[in-house]
Amino acid sequence: MPVLFNTFKLQDGFIHNWLTAGPVAETAGRPGNLQEWVKSKYSNRPQIEGRPVEQGPLTEGLYRVEGRQGAWEYYRCREDHLVDLSVEYSTPQYVRAWAFSGLESAAGGRAGFRLLALCAADVWVNGEHACRLEEPGEAAFDVELNEGHNEVLVRMEGLAAPALVLAMSLRVEADGANASMPSLIPSLERRNALEAVNEKVYLDRDVYGFDQKIFICWPPRDEDTLAYQDVRLQAAAGSIYANAEDVGKPDSRTQLGNSAALSEGPYHAILMPRAWEFYESQIRITRQLDCYVLGRNRFSSAPYGTLAERRAEALAHAQSCQGNLFAEVARMASGKWNALEPMVILQALEALEQQAAGCEVLLLGLVGMLHRFGHRKEFPRPLMKTVRERILQLACWMAAPGFSHEGGGLLYAASQLIAGQLYPQAVFAGGQTGVQLRQQGEQHALAWMRARGRGGLEDWDSESVLAEALMGLSYLVDAAKNEEVWGLASVLMDKFFFSIAVNSYKGVFGPSQGRTRASALKSGQLQALSGITRLMWGTGGWNQQIAPLVSLACMRKYDLPPIFAEIALGAEEEMLDREQQAIGERVVNKITYRTPDGMLSSAQDYTPGRPGGREHIWQATFGPQCLVFTNHPGCSTEKDAHAPNFWLGNAVLPRVAQWKDTLVALYRLPEDDRMGFTHAYFPTYEFDEYVIRDGTAFARKGEGYLALTATHGLELLESGRTAWRELRAWGSGAWVCRLGRAALDGDFAAFQESVLAKPVSAEGLQLTLETLRGEQVSFGWEGPLLVNGKAQALNGYPHYENPYTTATLPCEEMEIHTGEYILKLDFSDQA
């Protein structure tokens with residue numbers, strides 16, 4: 001079949017249209033020095049065979065890498081200009097990927113290239129090695145181009161342990177140059193028409209709650225181009241659940257299913273040509289749109305049932321999560337011994353032996369399982385013997401595994417303590433006895449707990465860190481024989497539950513966070529804490545984050561003080577919480593303002609202008625999927641392996657100040673910023689009403705209102721993957737968020753008029769405005785927050801200051817009170 005060449009214009013000099021191969025991963029095994037092992041794999045040859053060409057016939061367009069075969073795939077860059085193939089594995093892997101593009105030069109001659117790579121990378125032009133970056137960075141180089149067709153190949157590589165940012169962009173400085181992609185698709189006109197349509201198609205939401213229909217939508221088109229296609233809805237594992245044929249009429253939508261009929265998990269909508277075009281006419285241009293389905297998991301916004309009833313419900317839910325160690329623990333706790341799947345437990349042991357990412361969770365799950373259920377006569381004795389023998393020989397007893405966040409240290413210490421108590425005279429790998437291992441675990445656990453009891457979390461309010469910390473504490477409360485250990489664990493659980501309750505709105509944990517996950521940003525029900533709060537006081541939702549949930553559901557020696565449920569339900573008309581969390585050099589001052597109709601939270605003046613990571617700086621919360629926040633995106637991907645990314649974190653941290661129901665977020669972007677914009681997550685489909693007028697986006701959820709203004713102008717995207725959920729504002733500027741209530745501001749129309757009557761005045765990054773409550777606010781990139789001319793503190797807050805408690809740092813003790821309850825927590829050395 002003849003090869004055709006599809007020509008694409010460069011975008012601001014960047015090649016945007018590529019063919020990619022890989023990623024190809026090679027298990028690292030256990031060499032002494034992984035980085036040296038990776039360096040030994042280097043070659044200045046491309047290390048890939050096979051002609052790069054877009055597939056027509058499935059037998060063509062194949063590549064080979066050391067005996068492995070795959071197909072070259074089309075990749076179209078987004079706003080960040082990156083080819084981003086970032087990956088994450090459970091065990092260390094040496095990973096390579098390739099990107100190929102043709103380059104047409106009308107006159108040939110010398111051309112300049114600029115490579116930006118976020119990993120190690122090499123470039124070959126016309127078969128000659130032209131550039132090498134041994135680590136992330138930029139490089140400029142010149143190449144003599146041929147007149148006419150040239151070929152560019154980029155290889156990216158690195159160690160994924162467990163994640164690897166595998167991304168690069170290439171800019172070309174050559175007059176009249178265009179990208180040129182070889183293709184075996186016989187009708188490039190039809191192929192390109194389908195690609196243009198595919199870029200505008202979108203799913204009607206990102207997360208589908210219980211009993212929500214799943215729609216794929218086509219925007220209006222001015223031209224009459226027919227672009228009818230087939231669409232599949234399939235699980236990430238590949239199972240196909242729906243197939244719609246001959247769809248794609250402009251300004252139409254097609255239902256692909258209902259969430260209640262699907263199991264929870266990530267799903268893809270795959271756009272592809274009609275079957276006869278795909279298989280007979282060899283037109284193989286596809287598009288994948290991602291979403292998450294919560295299946296039959298309902299969210300509870302109000303408390304229900306007893307703890308015993310919710311415990312049984314939680315364990316039943318956990319048993320539905322197939323292939324998970326904690327599903328087997330839930331079977332044991334529920335007495336379902338006949339349904340036990342020993343192979344799942346053995347697979348967890350294998351993952352531990354390979355020191356897989358997150359192995360500290362599995363380690364505590366296994367030793368905790370032996371502690372809680374090893375005495376039961378139903379426990380299969382051969383399985384018990386195997387688990388015991390292999391646990392004693394785990395390499396992690398010789399040296400702690402690397403932890404992805406601070407919660408891992410507590411899980412590991414709890415595992416040491418419990419394993420040492422279970423087998424005091426046994427000799428573990430590394431030569432320690434159980435007695436010695438227990439002593440180490442006690443020392444590490446006490447040090448970890450004292451630091452967090454007195455100062456808070458380093459990754460403040462991180463939903464995943466809090467969930468795993470509560471998991472570790474639950475085992476210490478139940479299993480530790482040392483009174484100081486189990487006593488402090490119980491008190492620290494109280495403190496963490498208090499923090500969760502104060503920062504929750506109707507079952508949604510919604511504060512700023514020092515560390516979060518991309519998957520948890522768009523739904524409170526996808527947070528690891530959601531199942532825990534549902535278990536403990538009846539608000540939240542079940543999800544696949546079952547390790548902490550099952551651990552707490554099995555707990556026997558901790559009683560939740562009823563004061564926390566009362567605080568979490570938030571019956572007060574107004575609650576203002578100011579906090580400072582401080583461990584080591586990381587200090588954050590944060591605010592949460594909550595009413596019966598919504599919640600606004602932020603980190604005050606947190607290191608503005610510095611590069612960001614996984615911090616979530618501010619959020620307005622109205623429901624499990626009704627969340628609003630802004631960020632400065634670091635790149636276009638939403639993969640958790642690459643942070644900061646499109647919604648997760650900030651490329652450059654903003655300067656934020658909040659005064660009760662009013663928040664200002666200032667963004668100062670670098671002149672050479674890759675993305676060039678800030679944006680807001682504004683899911684229009686979750687609101688009861690919304691309108692955009694006079695430069696402000698207004699929304700209503702129940703009797704709660706929100707107004708979001710960008711001083712540099714905003715636009716709501718109406719097509720593409722973020723349609724009807726992204727507000728975008730170009731360049732540096734400020735976002736102003738104001739919350740309102742029907743009880744104070746009248747109906748929705750009156751709220752809008754009130755906001756518009758109090759416009760924001762901006763000179764660069766210096767703002768003045770009037771709040772809905774009549775206060776005059778002034779704030780800029782430098783200087784204090786002024787309210788009615790008086791400077792307001794943005795730092796130096798107490799550890800906690802809210803209607804329930806006031807505590808200083810370091811926190812030696814806390815007294816928490818409501819109308820009916822008083823609870824004292826003591827973290828002093830004399831406790």
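## Exercises on a predicted model

Ile 532 touches Ala 467, Leu 470, Phe 497, Pro 548, Leu 549 and Leu 552, when residues up to four places away in sequence are not counted. The exercises below concern a predicted model.

**Exercise 1.** Determine whether Ile 532 is buried or exposed, and state which helix holds this residue.

*Solution.* Begin with the position: Ile 532 is found in helix H13, which covers residues 528-537. Next, take the cut-off, under which a residue is buried if its relative accessible area is under 20%. Ile 532 has a relative accessible area of 0%, so this residue is buried.

**Exercise 2.** Identify the residues with the most contacts inside the largest nonpolar core, and find the element that gives the largest share of this core.

*Solution.* The largest nonpolar core has 110 residues, and those with the most contacts inside it are Phe 326, Trp 397, Met 449, Leu 476, Phe 497, Phe 564 and Ile 816. The largest share of this core, 12 residues, comes from helix H12. As a last step, note that another core lies apart from it, with 51 residues, among them Trp 18, Trp 98, Leu 145 and Leu 153.

**Exercise 3.** Work out which strands stand at the edges of the open sheet of 10 strands, and which strands helix H12 touches.

*Solution.* Write down the order first, which is S40-S41-S36-S33-S32-S31-S30-S29-S48-S49, with antiparallel pairing. Strand S40 (715-716) and strand S49 (805-807) each have a single partner strand, so one side of each is left without a neighbour in the sheet. Then place the helix: H12 (residues 483-502) packs on the sheet and touches S29, S30, S48 and S49, while its direction makes about 45° with that of S48.

**Exercise 4.** For the salt bridges Arg 110 with Glu 144 and Glu 157 with Arg 132, state which strands are linked and how accessible each partner is.

*Solution.* Start with the side chains of Arg 110 and Glu 144, which meet at 3.3 Å, N to O. Arg 110 lies in strand S9 and Glu 144 in strand S12, so the pair ties together parts that are 34 residues apart in sequence. Arg 110 is exposed, at a relative accessible area of 58%, whereas Glu 144 counts as partly exposed at 48%.

Turn then to the side chains of Glu 157 and Arg 132, which meet at 2.8 Å, N to O. This pair links strand S13, which holds Glu 157, to strand S11, which holds Arg 132, across 25 residues. Glu 157 counts as buried at 4% relative accessibility, and Arg 132 as partly exposed at 27%.

Notes:
Residues are numbered from 1 along each chain as its sequence is written. This is a predicted model: local features need pLDDT of at least 70, side-chain atom pairs count only at pLDDT 80 or more; totals for chains, interfaces and linings use all residues. Side-chain values use heavy atoms; hydrogens and water are left out. Two strands pair if DSSP finds at least two bridges between them. Helices (H or I, at least four residues) and strands (E, at least two) are DSSP runs, numbered from the N terminus. Contact means heavy atoms within 4.5 Å. Axes are lines fitted to C-alpha atoms, for helices over the stretch in contact, and angles run from 0 to 180 degrees between N-to-C directions. A nonpolar core is a set of buried Ala, Val, Leu, Ile, Met, Phe, Trp, Tyr and Cys residues joined through side-chain atoms within 4.5 Å. Buried means under 20% relative accessible area, exposed over 50%, partly exposed in between (1.4 Å probe, protein chains only). A salt bridge is a side-chain nitrogen of Lys or Arg within 4 Å of a carboxyl oxygen of Asp or Glu.
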